[in-house]
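Here is a short briefing for a reader new to this model. Take a look at the structure, then read on.

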Amino acid sequence: MAIFLALETSCDETAAAVFDDDLQIRANIVASQTDLHARFGGVVPEVAARAHLQRLLPVIDEALKQAKVSLQDIDCLAVMNTPGLVGSLLMGVSAAKILAVALELPLVAVNHIEAHIYACRIAAGRDVFPAVGLVVSGGHTVLFHCRNAIEFDLLGATLDDAAGEAFDKAASMLNLGFPGGPKIEKEAAQGNPHAFRFPRAFLHEPRLDFSFSGLKTALLYTIRQLGYTPGADIPQPLRSDLAASFQKAIVDVLVTKCAQALEQTQLTRLCVGGGVAANKTLRAALQTMCDQRGAELFVPPMSLCTDNAAMAAMAVELYRLGHFAPLDLDAIPTYRPKRVVATTK
Ligand code: KG4
Ligand code: ZN
């Protein structure tokens with residue numbers, strides 16, 4: 001049995017995981033930097049990179065300890081080298097390369113976005129492909145046709161803001177704090193989702209792209225029209241109604257595009273990953289849509305939705321195929337996959 005040590009430092013979570021080639025996750029340690037970035041209202045790249053440097057070794061130690069293994073028991077290093085903040089990515093990539101050289105072990109590079117989808121395979125404990133894959137995170141909103149565990153074709157993506165980014169900006173306008181997604185979700189629970197009608201880009205068009213910047217601007221103008229200053233306190237129940245209506249607009253768009261992707265590809269499985277997939281309203285709406293279509297929905301538990309290193313268990317598939325990374329592996333900040341027009345399975 002091969003044992004893997006995986007590292008993740010693409011944004012503001014320093015993470016290490018230990019898993020085996022049977023996809024058993026033996027440790028999944030995440031040190032969040034939320035506290036460091038909260039006062040800036042967003043992730044500060046230089047602060048994030050420095051914090052990774054300080055936290056990486058303790059996080060690796062903790063993962064090995066929890067998995068009850070030592071570095072000598074590891075058979076392969078895995079690291080997510082793209083996409084992300086280049087300074088942050090470099091921390092994990094450098095550490096993985098150093099360990100691979102020192103321990104004379106193979107190195108496997110995993111794509112962070114694709115790994116978010118692969119988290120569904122890990123959580124399900126069985127094959128979930130082929131499937132439509134939706135990644136909704138702070139930096140990405142992407143729809144894939146996942147042909148198998150490692151071949152993902154891009155069906156559509158956001159043209160501007162990611163869904164999580166929109167949640168974060170809305171939370172800042174409503175003075176709810178950072179990160180915005182969980183704050184908006186909490187606030188929305190007490191609000192009326194029909195109180196305001198916000199725009200839903202491309203909703204009735206067959207294209208599988210997203211755009212959330214108009215929605216963000218609509219919230220800004222609505223707050224101003226109501227006589228309040230964006231970022232300042234807004235009285236209740238107005239604030240909850242704004243949060244609920246904003247969340248509903250994002251959920252409607254994500255659910256509709258997933259339904260269209262299932263229709264266009266004729267696939268019957270939907271895998272959803274990324275931080276925004278932690279949103280319970282989104283999960284419930286996706287479940288209803290899938291039930292209506294007779295499709296199967298796979299959403300990982302919270303610990304595998306937000307950034308973590310266990311989702312790098314996609315490395316197991318690459319390891320089996322002998323897809324190893326060279327020791328001059330680069331950190332690649334942008335993600336530009338091949339775009340395809342939806343085709344049936
Ligand atoms: O995947 P992730 O942990 O990091 C990135 O790769 O970006 O996603 C973080 C994003 C943030 O924008 C955060 O606001 C959002 O996920 N998020 C949520 C929820 N929990 C986290 N958005 C909506 N509802 C939530 N419950
Ligand atoms: Zn992520």
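Start in a loop: Pro237 lies between helix H7 (213-225) and helix H8 (238-265). A cis peptide bond joins Gln236 to this Pro237, with omega about 5°. The model is a predicted one. The points below cover backbone features, then ligand 1 and its surroundings.

**Backbone features**

- A cis peptide bond also runs from Thr82 to Pro83, and its omega is near -15°.
- Pro83 sits in the loop between strand E4 (76-82) and helix H3 (86-103).
- Leu23 is not a glycine, yet its phi is positive, near 65°.
- The loop that holds Leu23 runs between strand E2 (13-20) and strand E3 (25-32).

**Where ligand 1 lies**

- Two domains give residues to the shell around ligand 1: domain 1 (3-116 + 304-320) and domain 2 (127-302).
- Ligand 1 therefore lies between domain 1 and domain 2.
- The largest pocket is the space taken by ligand 1.
- Three elements each give two or more residues to the shell around ligand 1: helix H4 (112-124), helix H5 (163-173) and helix H6 (180-188).
- H6 gives the largest share of that shell, with four residues.

**Who surrounds ligand 1**

- Ligand 1 is surrounded by 19 residues.
- The closest of them are Gly138, Asp168, Gly181, Glu185 and Gly275.
- Sorted by class, the shell around ligand 1 holds twelve polar, four nonpolar and three charged residues.

**Polar contacts and cover**

- Which part of His116 comes within 3.3 Å of an oxygen atom of ligand 1? The partner is an N or O atom in the side chain of His116.
- Gly164 uses its backbone: one of its polar backbone atoms is 3.1 Å from an oxygen atom of ligand 1.
- Gly181 offers a polar backbone atom too, 2.9 Å from an oxygen atom of ligand 1.
- How much of ligand 1 does the protein cover? On its own, ligand 1 has 560 Å² of accessible area, and the protein covers 89% of that area.

Terms used
Residues are numbered from 1 along each chain as its sequence is written. Chains are lettered from A and ligands numbered from 1 in the order in which they are written. This is a predicted model: local features need pLDDT of at least 70, side-chain atom pairs count only at pLDDT 80 or more; totals for chains, interfaces and linings use all residues. Side-chain values use heavy atoms; hydrogens and water are left out. A residue is near a molecule or strand if one of its heavy atoms lies within 4 Å of it. A polar contact is a pair of N or O atoms within 3.5 Å; within protein, one must be able to donate a hydrogen and the other to accept it, and residues adjacent in sequence count only if both atoms are side-chain atoms. Accessible areas come from the Shrake-Rupley method with a 1.4 Å probe; for residues, only the protein chains shown count as cover. On a 1 Å grid over the protein atoms alone, a cavity is a set of points where a 1.4 Å probe fits but cannot get out, and a pocket is an open set with protein on both sides within 12 Å along at least five of seven lines; lining residues have an atom within 4 Å of a point. A molecule sits in a cavity or pocket if more than half of its atoms lie within 2 Å of its grid points. Ala, Val, Leu, Ile, Met, Phe, Trp, Tyr, Cys and Pro count as nonpolar, Asp, Glu, Lys and Arg as charged, and the others, Gly among them, as polar. Domain bounds come from an automatic or database domain assignment.
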